[in-house]
Amino acid sequence: MIIRSKGFYDEFERKGGRRRTTHYCAGCGHGIIQKLIAEAMVDLGIQDDTVFVSPVGCAAFCYYYLDCGHVAGPHGRAAAVASGLVRAIPDKVVIAYQGDGDLGAIGFNNAFQAANRGDGFAHFFVNNALYAMTGGQLAPTTLPGQKTTTSPYGRDVVNTGEPLKVCEVFNQLDRPVYIERVSVADSKRIKQARKAIRKALEIQKEGKGYAFVEILSPCPTNMRADSVGAAEFVTKEMEGYFPLGVFRDRSDAETACCMEVAPKTVEEIVDADYAGDVIADMPELRERRYKFSGFGGQGILSLGLVIADAASEMGRHVSWFPSYGPEQRGGSASCSVVVSGREIGSPTIDHPDVLVAMNQPSLERFLPTLRQGAVLIYESSVPLNVEVPEGVNVHPFPAARIASENGVAKAANTALLGCMVELGLLDMPEAEIAEALRRSFSAKPKLIDSNMAVFEAAKEYARKELS
Amino acid sequence: MTTASPGLPRPVILVEECKGCGRCVHACPKKVLHISDTVNGMGYRIAEYAGEGCVGCAICFYNCPEPFAIEVHKEGE
């Protein structure tokens, strides 16, 4: 019998390296850990069903070594990628592998939220108390007083906080099934690490949920020691802050903590009938660009939506692009609507054909962007004290008054819609607009009749006073 | 690589894969490994087996960070 590594590619097709050696420094813990993962993967018979998410950091090249499926995560995002994978391929085993800079700093929230959701993957967290690939900088896990290239006098906990104890933090969450901290500093500890890694993968094989294994690991290069000295640092110094042990094991529980997600096809998600529609081009149709602006609550966004809905029902290309901001607290709200016979390049509008302005800031902001031939409709109770660009047709319109007089004080937007129809600015049959207006109140049918009254009154006013 | 064996367990150290980190030397409970004067193509002084005393415990294998640097050959199991 020969005891040798399992689960690795026969050759590592890495640029510039030897074909049968890793890129890790002599004495690095990564190789030991990956040997344990690969071995467990093969022994459990899950090698062909495993997707390994590699991190950014020294372990970024895992996909050259372990013989399984791989996705390389952006910096810090291995847990987020794994969360996506468990939803996309729920019947596969997913492994996320991250270092302490990757998981503990930039990616902490992703890891924490994945643990909190109990996403069903094995999460291996390699802790060497520093950033290794970038040259030994201070990490969240760096020990108090530990010298790194960015803490040359030792970590000052007053300035930079205490070492981040990820197992202890995750152990406050309800969903994780298994949490253990192990080490690969010496033979006894490697034996325990081997058990923990196998356990985490068994939990995946059985679909039981989220398993987190933190592995204390020596980094001779950045610990400024030989392999034995670095391992001693892990045992004598790191274990003082990061005690080894099983924090939680609920793998025997009857019910899986893992969510059950039925996979869906793209067609199921987006509605196959709709996705199949192709909007025919109408090149003869001139592109119309509408800007609606007012304060939050005036129905500016809804006004744009009614027009967009009507155009969409007629099979035209439409974009509706709201500008959010502090408007929900009463600030300015605006939206841009583009209706076109061709595919729309951009939903944003620099120079509207029609500007509907319902308050002073809207006039100040957007009136100067109008060009010759453009149309301005503004709420006539607002004083027009902004210079009107040359060649712009200006229509003061008492939208608020018309709405009030017809019993729906809030329907100024409906009044403006009627005005636009009467002025012929919408390039669509009136019936289509009216139908879209009715549809917009489908959840509040009581408001349909009163709004239709406002709509008619507004048309009448525009016919008499504006045209 | 040969599996022909003198009948006793023994570590097989692959010259070009060993990085000479010495973890196996330190970990070996029988102290039958040492760092040799042999330098491989990468410039590492590699680990070497004394030639006898191995009990086949494979502790050197699990302490070795390289996937292919060390194997433990055992007879008849």
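Here is a walk through two parts of this model: the place where chains A and B meet, and a set of strands inside chain A.

A few ground rules come before the tour: this is a predicted model, where local features need pLDDT of at least 70, side-chain atom pairs count only at pLDDT 80 or more, and totals for chains, interfaces and linings use all residues. Residues are numbered from 1 along each chain as its sequence is written, while chains are lettered from A and ligands numbered from 1 in the order in which they are written.

Let's start where the chains touch. Chain A puts 26 residues into the contact, and chain B puts in 26 residues too; two residues count as in contact if their C-beta atoms, placed from the backbone, lie within 7 Å. On chain A's side, the elements giving two or more residues are β1 (2-3), α1 (29-43), α8 (187-205) and α9 (227-241). Helices here are DSSP runs of H or I with at least four residues, strands are runs of E with at least two, and both are numbered from the N terminus. The largest share, five residues, belongs to α1(A). Sorted by class, this side of chain A has 11 nonpolar, nine polar and six charged residues. Nonpolar means Ala, Val, Leu, Ile, Met, Phe, Trp, Tyr, Cys and Pro, charged means Asp, Glu, Lys and Arg, and the others, Gly among them, are polar.

Now look at β1(A) again, as it pairs with a strand of the other chain. Its partner is β4(B) (residues 70-73), and the two run antiparallel over two bridges; strands pair if DSSP finds at least two bridges between them. One spot to find is A:Ile2, whose bridge partner in β4(B) is B:His73. β4(B) also pairs with β1(B), antiparallel over four bridges, and there B:Pro11 has B:Val72 as its bridge partner. Put together, this gives an open sheet of three strands in the order β1(A)-β4(B)-β1(B). The edge strands, each pairing on one side only, are β1 of chain A and β1 (10-13) of chain B.

Next, head to β13(A) (residues 375-379). Four of its five residues are buried, so this strand is largely enclosed by the rest of the structure; buried means that 20 or more other C-beta atoms, placed from the backbone, lie within 10 Å of the residue's own. β13(A) runs parallel to β12(A) (residues 354-357) over four bridges, with A:Val356 partnered by A:Ile377. Five bridges also join β13(A) to the parallel strand β14(A) (residues 393-397), where A:Leu376 has A:Val394 as its bridge partner.

Technical notes
Buried ≥ 20, exposed ≤ 12 C-beta atoms within 10 Å, placed from the backbone.
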